[in-house]
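I opened this one to look up helix contacts and pockets. My notes follow below.

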Amino acid sequence: MKQIARHKISAPKKELSNTSLPKKSKTAETLDYMKKNADLYLFLLPVLIYFAVFHYYPLYGVQIAFKDFSPTEGILGSSWVGFDHFVRFFNSSYAWDIIKNTLLISLYALAVGFPAPLILALLLNQIPNKKFKSIVQTITYAPNFISFVVIVGMLLIFLSPSTGIINTIIVMFGGDPINFMGKSQLFSTIYVLSDVWQSAGWGAIIYLAALSGISPELHEAAMIDGANKFKRVWHIDLPGIMPTVVILLILGLGGVMSLGFEKIYLMQNDLNITSSEIISTYVYKVGLQGGDFSFSTAVGLFNNVVNFVLLIIVNGVARRVSDNSLW
């Protein structure tokens, strides 16, 4: 009689499904990712320290905008005055003139200065000769490295009513010399055009980098279909760099109340002060020269709050309209 071996039949093991495992929270997943890439995050440490020391820590002093600050008593010892400095600024006779000058010059500079590097980049991108292209690009972005002091000095020399080359040409054609720097109505135009000459070439580098990421096959296919250069720029280049254009436009509109202090301050004189006085120059004169630190801090805080609100609004509009935004 054969002995029949009995084997113990075990129930098949159930595989653990992923759904039975507890899911990690997003915070835990982020921490795990940071631990795995800790060496890469070390590269961010100097940047974080820089912003913490030079950008976030000074925010502690913003409270003097709401105090009657006295250097002898310090920030904590100074008495609170609330919004008195803001009310004083808005009730003054010069507040709205300063705000108007700041907005007009900023919007003028944005309307003229924003498309200038974009157009320059599109033109440079069409140059087939690489050597000639590099020479033109070098010449156009070289003025960016000239200091504001030198730029204003050049403007004073070129626009001088007695010895300036511009007035010399005007006199040659029978006209009368013009005191360009002394006419308040010409101040914004001189500032904007000189700024475009100085910064357009440098700004074009960003657009050229974006243009280099567009596939050449798109242009080849368009050329086969008979598209000329203008159509290829309009239908290929511009849509390809539109995310970059939108981001830079958001940043430009977000800083519409922030103008360069140094150049405008150097260009100011008694004849054009009605059009050249802006918030940053006014804060410098009242705060550092006049010693009214609380009042100047309040004016500067108002300027920064307006920029912050504009940045959020423009970013939200851009996200809804074009699906491109900072966040």
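**Helix contacts**

I started with H12 against H13: Leu218, His219, Ala222 and Met223 in H12 meet Arg232, Ile236 and Asp237 in H13. For me, contact means heavy atoms within 4.5 Å. Helices here are DSSP runs (H or I, at least four residues; strands are E, at least two), numbered from the N terminus. By class, the residues of this contact divide into 4 nonpolar, 1 polar and 2 charged. I count Ala, Val, Leu, Ile, Met, Phe, Trp, Tyr, Cys and Pro as nonpolar, Asp, Glu, Lys and Arg as charged, and the others, Gly among them, as polar.

A caution before going on: this is a predicted model, where local features need pLDDT of at least 70, side-chain atom pairs count only at pLDDT 80 or more, and totals for chains, interfaces and linings use all residues. Residues are numbered from 1 along each chain as its sequence is written, and side-chain values use heavy atoms, with hydrogens and water left out.

Next I looked up the geometry. The axes of H12 (residues 216–224) and H13 come within 11 Å and cross at roughly 150 degrees. Axes are lines fitted to C-alpha atoms, for helices over the stretch in contact, with angles from 0 to 180 degrees between N-to-C directions. H12 passes H13 in a right-handed crossing (near helix turned clockwise from the far one by less than a right angle; anticlockwise would be left-handed).

Then I took H6 (residues 95–113) and H11 (residues 184–211), whose axes come within 10 Å and cross at roughly 40 degrees. H6 and H11 are therefore oblique to each other (under 35 degrees is roughly parallel, over 145 roughly antiparallel, 65 to 115 roughly perpendicular, the rest oblique). This crossing of H6 past H11 is right-handed.

**Pockets**

How much space lies in the largest pocket? I read about 720 Å³. A pocket is an open set of points on a 1 Å grid over the protein atoms alone, where a 1.4 Å probe fits, with protein on both sides within 12 Å along at least five of seven lines; lining residues have an atom within 4 Å of a point. Volume is the space filled by probe spheres set on the points, which are joined across faces, edges and corners.

H11 gives the largest share of that lining, 9 residues. I split the lining into 14 nonpolar, 9 polar and 1 charged.

The second largest pocket holds about 510 Å³. Its lining includes Phe51, His55, Tyr56, Asn303 and Asn304. Helices H3 (45–56) and H17 (293–322) are the elements that give two or more residues to it. H17 gives the most, with 5 residues. I noted 6 nonpolar, 6 polar and no charged residues in this second lining.
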